Amino acid sequence: MMLQAAINLLSNAVKYTREEGRVTIRSRLSADQVVFEVEDTGVGLNEVDCHKVFEKFYRVKKDKDMASGTGLGLPLAKHIIEDVHSGQLTVESKLGVGSTFRVALPSTKQTP
């Protein structure tokens, strides 16, 4: 399921980034979290869209360069990350500049 969430985030980044843009994936491990980020130089989101983008069937106003979709990919990713894996999915974005979707999952401590 985590693979599906990651595919949804990456797919959106590619769809909403113009050909000359960039999609960056990064991850890091801390003592209590695993963090995975998908950053793009795409069309970005305004503040209202940042708050609504995880709602089922919500679609950002599209222009001729944006991909079509159902509005279910990000809500599904949020469900998988937050409800199934007790993590958190957030977005930081600036219209016309790009977006960063951040997944934070609790790390599992291995016992010897």
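**Salt bridges, pocket and surface of the predicted model**

Six salt bridges are counted in this structure, which is a predicted model. Several of the charged residues concerned belong to one connected group, since a network of salt bridges links Arg 26, Arg 28, Glu 37, Glu 39, Glu 92 and Arg 102.

Within that network, Glu 37 takes part in a salt bridge with Arg 26, in which the side chains meet at 3.0 Å, N to O. This pair links distant parts of the chain, with Arg 26 placed in strand β1 and Glu 37 in strand β2 (residues 33-40), the two being 11 residues apart. Glu 37 also forms a salt bridge with Arg 102, and here the closest N and O atoms lie 2.4 Å apart. Once again distant parts of the chain are linked, as Glu 37 in strand β2 and Arg 102 in strand β4 are 65 residues apart.

The three residues of these two pairs can also be described by their accessibility. Glu 37 counts as buried because its relative accessibility, 5%, falls under the 20% limit. Arg 26, by contrast, has a relative accessible area of 33% and is therefore partly exposed, and Arg 102, with a relative accessible area of 21%, is likewise partly exposed. The buried Glu 37 is thus joined by salt bridges to Arg 26 and to Arg 102.

Strand β1 also holds Ser 27, which counts as exposed because its relative accessibility is 59%. The C-alpha atoms of Ser 27 and Glu 37 are 6.2 Å apart in space, while in sequence these residues are separated by 10 residues.

A further salt bridge is found in helix α3, where Glu 82 pairs with Lys 78 and the closest N and O atoms are 2.8 Å apart. Glu 82 and Lys 78 are four residues apart in this helix, so that about one helical turn separates them. Both ends of the bridge are partly exposed, given a relative accessibility of 24% for Glu 82 and a relative accessible area of 23% for Lys 78.

Turning to the empty space in the model, the largest pocket encloses about 440 Å³. It is lined by 26 residues, of which Asn 12, Tyr 16, Val 53, Arg 59 and Leu 74 are the closest to its centre. The elements that contribute two or more residues to this lining are α1 (2-15), α3 (73-84) and β4 (98-106). Helix α1 gives the most, with five residues. In character, the lining of the largest pocket is made up of 12 nonpolar, 10 polar and four charged residues. Two of the elements that supply the lining, α3 and β4, also appear in the salt bridges described above, α3 through Glu 82 and Lys 78 and β4 through Arg 102.

On the surface, Val 14, Val 23 and Ile 25 together make a nonpolar patch of about 250 Å². Ile 25 is located in strand β1 (residues 23-29), the strand that also contains Ser 27. With a relative accessibility of 48%, Ile 25 counts as partly exposed, because exposed residues are those over 50%.

Some features of the loops complete the description. Phe 57, in the loop between α2 (47-52) and α3, has a phi near 65°, which is a positive value in a residue other than glycine. Its relative accessible area of 58% is the reason why Phe 57 is classed as exposed. A positive phi, of about 55°, is likewise present at Ser 86, although this residue is not a glycine. Ser 86 belongs to the loop between α3 and β3 (88-94), and it is exposed because its relative accessible area is 54%.

The loop between β2 and α2 contains Gly 42, which has a relative accessible area of 3% and is therefore buried. Along the chain, Gly 42 and Gly 69 are 27 residues apart, and a distance of 16 Å separates their C-alpha atoms.

Conventions:
Residues are numbered from 1 along each chain as its sequence is written. This is a predicted model: local features need pLDDT of at least 70, side-chain atom pairs count only at pLDDT 80 or more; totals for chains, interfaces and linings use all residues. Side-chain values use heavy atoms; hydrogens and water are left out. Patches are made of residues with over 30% relative accessible area and no salt bridge: like charges are joined within 9 Å, nonpolar side chains (Val, Leu, Ile, Met, Phe, Trp, Tyr) within 5 Å. Accessible areas come from the Shrake-Rupley method with a 1.4 Å probe; for residues, only the protein chains shown count as cover. A salt bridge is a side-chain nitrogen of Lys or Arg within 4 Å of a carboxyl oxygen of Asp or Glu. Buried means under 20% relative accessible area, exposed over 50%, partly exposed in between (1.4 Å probe, protein chains only). On a 1 Å grid over the protein atoms alone, a cavity is a set of points where a 1.4 Å probe fits but cannot get out, and a pocket is an open set with protein on both sides within 12 Å along at least five of seven lines; lining residues have an atom within 4 Å of a point. Grid points are joined across faces, edges and corners, and a volume is the space filled by probe spheres set on the points. Ala, Val, Leu, Ile, Met, Phe, Trp, Tyr, Cys and Pro count as nonpolar, Asp, Glu, Lys and Arg as charged, and the others, Gly among them, as polar.
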